[in-house]
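I set out to look up charges over rings, aromatic pairs and pockets in this model. The entries below follow that order.

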Amino acid sequence: MGMDEAGRGPLAGPVAAGAVALPLHRDDLSKVLKGARDSKEMNAMQRLVADAIIKEIAITWGIGHSSAQEIDVSGIISATKLAMRRALCNALERRPVTPDCLFLDYLPWPEQQDYPVCSIVKGDKLSLSIACASIIAKVWRDKYMNELEDRYPEYGFAQNKGYGTRAHLNALDRHGPCEYHRATFKPVRNLLSA
């Protein structure tokens, strides 16, 4: 089962994780998933198309996330691992399978005792399962940030997805942070301490 996250670096919103178990026995798997790769190398439409295909053909898949508050309390690495645990649980609830191994994109996860873990540097480029997990996590998180735009249009979340763009930083200066900002991330922390 491949696992990856989306949204570790933004100033706002959750960190999301995806878990995907692909049907490796399919001879046409690489053809069906042609174009699936690291989500950062795909545009939004390519990710949406791939997301639908992945969810249709996967043995199972899951999404998990940790909120900005959970990130502030436990730190981004611990919150990312919590999101991964939730993604794994979601995938196993969807279809109770026993993963032979969890393939992760770089992040070590020694506290994961239920299944063997293989942490792969540049895993989203080397493993189709990890790439697919990165895609579904990114699609879920982008949708979440688009929905936040409706509640907080002043921050431009639909465009910046919570990342520290110049426009987002200017909006933070003008309006201050909202409840979805990560108070422990430097630009937000600096504003709060001022």
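I looked first at the ring of Trp-61: the charged end of Arg-94 sits over this ring, 3.6 Å from its centre. The charged end of Lys-55 also sits over the ring of Trp-61, 4.6 Å from its centre. I took a charge as sitting over a ring if NZ of Lys or CZ of Arg is within 6 Å of the ring centre and within 35 degrees of the ring normal.

I note that the model is predicted, so that local features need pLDDT of at least 70 and side-chain atom pairs pLDDT 80 or more, while totals for chains, interfaces and linings use all residues. Residues are numbered from 1 along each chain as its sequence is written, and side-chain values use heavy atoms, without hydrogens and water.

I then turned to aromatic pairs (rings of Phe, Tyr and Trp, the last by its six-membered ring, with centres within 6.5 Å; planes under 30 degrees apart are stacked, over 60 edge-to-face, the rest tilted). I found five such pairs. Tyr-144 and Tyr-180 pair edge-to-face, at 6.5 Å centre to centre with 70 degrees between the planes. Tyr-144 lies in helix α6 and Tyr-180 in the loop between α8 (166–175) and α9 (186–193), so this pair ties together parts 36 residues apart in sequence. Helices here are DSSP runs (H or I, at least four residues), and strands likewise (E, at least two), numbered from the N terminus.

I checked burial by relative accessible area (buried under 20%, exposed over 50%, partly exposed in between; 1.4 Å probe, protein chains only). Tyr-144 is partly exposed at 22%, and Tyr-180 is buried at 15%. Tyr-152 and Tyr-180 also form an edge-to-face pair, at 5.9 Å and 65 degrees. I recorded one aromatic cluster, formed by Trp-140, Tyr-144, Tyr-152, Tyr-155, Phe-157 and Tyr-180.

I looked last at pockets (on a 1 Å grid over the protein atoms alone, open sets of points where a 1.4 Å probe fits, with protein on both sides within 12 Å along at least five of seven lines; lining residues have an atom within 4 Å of a point). The second largest holds about 260 Å³ of space, a volume being the space filled by probe spheres set on the points. Of its 13 lining residues, the closest to the centre are Leu-48, Val-139, Asp-142, Lys-143 and Asn-146. Helix α6 gives the most to this lining, with seven residues.
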